[in-house]
Amino acid sequence: MTTLVFGHKSPDTDSTGSPIIWAWYLNQIKGEAAKPVLLGEPNTEAAFVLDHWKLDKPEIISTVDADQPVVIVDTNNPAELPDAINSADIRVIIDHHKLVGGLETKGPIDIRIEPVACTATIMFKMIGDDLAQAPRGIKGAMLSCILSDTLEFRSPTTTQEDKAIAHALADDLGVSIPDFAAEMFAAKSDVSAFSDAELLRMDSKEYPVEGTKFRVSVLETTSPATVLDRKDSLMASMVDVAKEDGVDQVILFVVDILNEESTLLVPNDLVKTLAEKSFGATVTGDTVVLPGVVSRKKQIIPNLKL
């Protein structure tokens with residue numbers, strides 16, 4: 001049976017590219033039938049990457065059958081995976097996030113979780129010398145994933161391994177990292193075609209804080225004003241999105257990639273309290289700027305408190 005390779009819901013560049021990379025490796029190097037799939041529509045940056053490297057967009061699925069062989073990448077959190085994930089035959093997990101728990105496997109499996117910025121960084125090391133056989137698109141996807149997850153090395157999650165591997169890939173491909181990253185971030189910043197609800201769900205994760213369930217949304221952009229011009233309608237849409245998604249509150253951080261700061265929308269006293277207690281911020285209006293805060297994984301989620 002063909003193994004499905006997928007990342008988390010609301011797929012970003014890493015959760016779009018890494019399934020493609022690993023499915024290539026299983027098919028072409030290991031001789032195992034594998035297929036990359038997505039758990040949602042890729043964001044604008046990921047769509048740009050697919051087009052740029054001439055990669056086919058993987059099929060989008062919403063569930064998995066019982067006993068379906070799967071490889072999970074870029075997450076180990078059941079909340080970010082299909083509801084039926086524990087009925088599948090999980091064979092491998094490759095990830096760079098904290099261990100959440102809750103996944104069940106049908107036997108011993110290979111798990112590789114490392115404190116690096118990107119799943120593709122781990123895959124580069126796992127594939128090793130066999131990467132020399134990879135087509136340009138696979139190497140390009142790998143570079144794209146690393147530049148996206150590190151925000152071109154601006155994110156505090158960036159390690160020396162991420163940097164070294166990205167530069168090695170860029171040299172191999174003949175790509176200028178600053179130029180290509182600028183193209184990626186421009187694509188990520190173009191959110192004009194998306195509704196408020198789509199923006200709030202585009203790059204988001206559910207996370208409980210002291211009994212309160214939040215949808216923690218992040219929009220990384222080189223044009224924060226474009227998003228902040230919509231703040232009134234975005235805050236109004238938070239109510240409906242929270243109700244539809246079964247959470248208590250949606251919170252949105254607009255990450256300014258170039259200035260390395262975030263603006264948090266503050267629609268009510270709950271979020272005001274969260275901002276003040278989590279980040280030591282002084283909130284006087286319906287937004288607050290958080291200097292230096294760019295990483296949900298390392299700077300936002302770990303600090304949330306009420």
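These are my notebook entries on a predicted model of a protein chain, from its two domains down to single residues.

**Entry 1: the domains**

I began with the domain assignment, which splits the chain into domain 1 (3-189) and domain 2 (196-303). Their contact takes 17 residues from domain 1 and 18 residues from domain 2. I then looked up the distance between their C-alpha centres and found 25 Å.

How much area is buried between domain 1 and domain 2? I read about 1,600 Å², with carbon and sulfur atoms giving 55% of that area.

**Entry 2: polar links across the interface**

Next I turned to the polar side of this interface. Between domain 1 and domain 2 I find nine residue pairs in polar contact, both residues being at pLDDT 80 or more. The side of domain 1 that touches domain 2 has five nonpolar, eight polar and four charged residues. Two salt bridges cross the interface of domain 1 and domain 2.

**Entry 3: salt bridges, one pair at a time**

A reminder to myself: side chains of opposite charge can pair when their charged atoms come close. For this model the count comes to 20 salt bridges.

I started with lysine 205 and glutamate 80. Lysine 205 sits in strand E7 (residues 204-209) and glutamate 80 in the loop between E4 and strand E5 (89-95), so this pair ties together parts that are 125 residues apart in sequence. Their side chains meet at 3.1 Å, N to O. Are lysine 205 and glutamate 80 buried or exposed? Both of them are buried.

My second pair was lysine 125 and glutamate 114, where the closest N and O atoms of the salt bridge are 2.6 Å apart. Lysine 125 belongs to helix H3 (residues 119-127), while glutamate 114 is in the loop between strand E6 (110-113) and H3, so the parts tied together here are eleven residues apart in sequence. The two partners fall in separate accessibility classes: lysine 125 is partly exposed at 28% relative accessible area, whereas glutamate 114 is buried at 15%.

My third pair was arginine 154 and glutamate 152, whose side chains meet in a salt bridge at 3.2 Å, N to O. I noted arginine 154 as partly exposed, with a relative accessible area of 23%. Glutamate 152 has 18% and counts as buried, because the cut-off for buried is under 20%.

I also found one network, in which salt bridges that share partners join Arg201, Glu206, Arg215, Glu244 and Asp245.

**Entry 4: helix H3**

Lysine 125 had already brought me to H3, and I stayed there for its buried side. Which residues of H3 are buried? My list reads Thr119, Ala120, Thr121, Ile122, Met123 and Ile127. I then checked what covers these buried residues, and the cover includes helices H1 (13-29), H4 (136-150) and H5 (160-173). Strands E4, E5 and E6 are also included in that cover. Just after H3 comes glycine 128, with a positive phi near 60 degrees.

**Entry 5: positive phi without glycine**

With glycine 128 noted, I looked up two residues that have a positive phi although they are not glycines.

For aspartate 67, phi is about 70 degrees. Where does aspartate 67 lie? I place it in the loop between strand E3 (59-60) and strand E4 (69-73). Its relative accessible area is 46%, so I have aspartate 67 down as partly exposed.

For glutamate 260, phi is about 55 degrees. This residue is also in a loop, between strand E9 (249-256) and strand E10 (261-265). Glutamate 260 is partly exposed too, with a relative accessible area of 36%.

**Entry 6: glutamine 299**

My last stop was glutamine 299, in helix H11 (residues 296-300). Why does glutamine 299 count as buried? Its relative accessibility is 16%, and the cut-off for buried is under 20%, so glutamine 299 qualifies.

What does its side chain reach at 2.8 Å? I found the backbone oxygen of glycine 292 there. Leaving out residues up to four places away in sequence, glutamine 299 touches Pro156, Phe279, Gly292, Val293 and Val294. Pro156 in that list falls within the bounds of domain 1, while glutamine 299 itself falls within those of domain 2.

Notes
Residues are numbered from 1 along each chain as its sequence is written. Side-chain values use heavy atoms; hydrogens and water are left out. Domain bounds come from an automatic or database domain assignment. Contact means heavy atoms within 4.5 Å. Buried area is the accessible area (1.4 Å probe) that two parts lose on being put together, summed over both. A salt bridge is a side-chain nitrogen of Lys or Arg within 4 Å of a carboxyl oxygen of Asp or Glu. A polar contact is a pair of N or O atoms within 3.5 Å; within protein, one must be able to donate a hydrogen and the other to accept it, and residues adjacent in sequence count only if both atoms are side-chain atoms. Ala, Val, Leu, Ile, Met, Phe, Trp, Tyr, Cys and Pro count as nonpolar, Asp, Glu, Lys and Arg as charged, and the others, Gly among them, as polar. Helices (H or I, at least four residues) and strands (E, at least two) are DSSP runs, numbered from the N terminus. Buried means under 20% relative accessible area, exposed over 50%, partly exposed in between (1.4 Å probe, protein chains only).
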